[in-house]
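Hi,

Here is the structure I promised to pass on to you. Have a look at it first, and then read my notes underneath.

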Amino acid sequence: MAESAAARVAAYTADAVRAAEAPLLAEGRPLMRWAARALADVAIAELRVAPGAVLVLAGAGDNGGDALFAAADLVAVADRVDVVLVRDRVHREALDAAVAAGARVVSVSEASTHVDEYALVLDGILGIGRLADRRLRGSARALVERLLALPDRPRVVAVDVPSGLDPDDGTADAIVLPADVTVTFGALKAGLVRGRGPGLAGRVHLVDLGLEPYLRRAHPAVTAAIEVVREDPRTRA
Ligand SMILES: NC(=O)C1=CN([C@@H]2O[C@H](COP(=O)(O)OP(=O)(O)OC[C@H]3O[C@@H](n4cnc5c(N)ncnc54)[C@H](O)[C@@H]3O)[C@@H](O)[C@H]2O)[C@@H](O)CC1
Ligand SMILES: [K+]
């Protein structure tokens with residue numbers, strides 16, 4: 001269920017969101033499953049507008065995990081779902097779920113060659129993971145450069161934040177894939193409403209994971225008057 005709200009929305013730092021997630025994860029709340037379900041719903045809505053093949057860019061951490069779990073749900077509605085592992089590590093359980101559902105793991109070079117064949121890209125390279133340097137590197141950078149160079153790009157759904165955007169201050173270097181839609185989990189990230197965030201995020205969907213009551217009590221927020229569509233995956237079975 002999603003209703004749009006143009007009121008002022010509170011945005012938080014990555015550290016605040018991580019602090020808010022921790023107790024719920026400790027209680028065993030299925031945050032990643034909820035996140036991936038909402039992400040898949042938004043991606044499916046995009047596919048209905050622009051049907052075709054999906055390219056999933058999966059990073060080494062849980063951001064890639066979200067994208068891969070969501071990819072499993074896209075197999076039924078996409079012409080095909082290709083997964084590129086941009087790093088040597090991957091969220092194992094999520095990759096297994098995507099492959100079991102019929103997604104195909106392709107090499108970076110294969111994806112790079114066929115990059116103009118995709119209707120939709122899921123940008124799950126990098127999320128709010130704590131990193132000194134968020135600039136995309138290696139295969140991730142090469143693939144994003146190829147996508148940026150396309151005369152008409154596929155639709156892009158960013159997982160949590162556009163990869164390479166700093167989730168706190170909204171700084172980013174040139175090699176970041178602008179998103180048509182950003183599906184952000186738990187709370188609006190400050191970096192989405194600062195610096196280059198607004199220009200890179202596209203439409204923002206906020207996935208309610210039950211973090212906000214805690215965040216409101218415990219963490220300072222910046223407020224932003226942006227349109228946010230709220231998703232609540234927790235209400236479904
Ligand atoms: N922890 C939770 O409860 C939840 C986490 N979620 C997801 O978890 C994400 C955070 O996951 P992580 O903390 O694993 O971190 P990320 O998945 O944001 O990425 C960190 C990983 O990227 C790799 N990396 C480092 N530098 C890189 C570079 N320059 N280019 C590309 N990759 C690089 C590192 O190996 C590191 O493991 C969130 O953005 C969100 O998508 C959501 O599922 C909501 C619930
Ligand atoms: K991302």
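Below is what I found, going from the whole chain down to one residue.

Please keep in mind that this is a predicted model.

**The chain as a whole**

The protein chain has 8 helices and 12 strands. Along its principal axes, the C-alpha trace spans about 50 × 40 × 35 Å. The radius of gyration is 16 Å, which agrees with the value near 18 Å that a compact globule of 237 residues would have. Of those 237 residues, 53% count as buried.

The contacts in the protein chain reach far along the sequence: among those between residues at least 6 apart, 76% join residues at least 24 apart. As for the surface, the chain exposes about 10100 Å², and carbon and sulfur atoms supply 52% of that area. You may also want the charge layout: there are 28 positive and 32 negative charges, and their mean positions are 3 Å apart.

**Strand β3 and its partners**

Strand β3 covers residues 53-58, and 6 of its 6 residues are buried. Ala53, Leu55 and Leu57 point one way from the strand, while Val54, Val56 and Ala58 point the other way. Both sets of side chains belong to buried residues.

Which strands pair with β3 in the parallel sense? One is β6 (residues 118-124), over 6 bridges, and another is β4 (residues 81-85), over 5 bridges. If you would like anchor points for the register, Ala53 has Tyr118 as its bridge partner in β6, and Ala58 has Leu85 as its bridge partner in β4.

**Strand β10 and its partners**

Strand β10 (residues 203-207) is mostly covered too, with 4 of its 5 residues buried. It runs parallel to β8 (residues 181-185), and 5 bridges join the two. Within that pairing, Val181 has Arg203 of β10 as its bridge partner. Strand β10 also runs parallel to β12 (residues 228-231), this time with 4 bridges. Here the bridge partner of Val207 is Glu231 in β12.

**A three-stranded open sheet**

There is also an open sheet of 3 strands in the order β9-β2-β11, with mixed pairing. Its edge strands are β9 (188-189) and β11 (222-224), each of which pairs on one side only. Strand β2 (residues 9-12) runs parallel to β9, and 2 bridges join them. Across that pairing, Ala11 stands opposite Leu188 of β9.

**One residue to look at: Val159**

Val159 is found in strand β7, which takes in residues 155-159. Is Val159 buried or exposed? Its relative accessibility is 0%, so Val159 counts as buried, the cut-off being under 20%.

What does Val159 touch, leaving aside residues up to four places away in sequence? Its contacts are Leu39, Asn63, Asp66, Ala67, Asp123, Gly124, Leu126, Val183 and Phe185. Some of these fall in strands already described: Asp123 and Gly124 lie within β6 (residues 118-124), and Val183 and Phe185 lie within β8 (residues 181-185). Val159 can also be placed relative to Gly65: the two are 94 residues apart in sequence and 9.9 Å apart in space, C-alpha to C-alpha.

Happy browsing, and do write back if you would like to go through any of this together.

Best wishes

How values were computed. Residues numbered from 1 in each chain as written. Chains lettered and ligands numbered in written order. Predicted model: local features only at pLDDT ≥ 70, side-chain atom pairs only at ≥ 80, totals over all residues. Heavy atoms only, no water. Pairing = 2+ DSSP bridges. Rg over C-alpha atoms; globule rule 2.2 N^0.38 Å. Buried < 20%, exposed > 50% of the residue type's maximum accessible area, 1.4 Å probe, protein only. Contact = heavy atoms within 4.5 Å. Areas by Shrake-Rupley, 256 points an atom, 1.4 Å probe, with all protein chains shown as cover. Lys, Arg positive; Asp, Glu negative; His and termini not counted. Charge placed at Lys NZ, Arg CZ, Asp CG, Glu CD.
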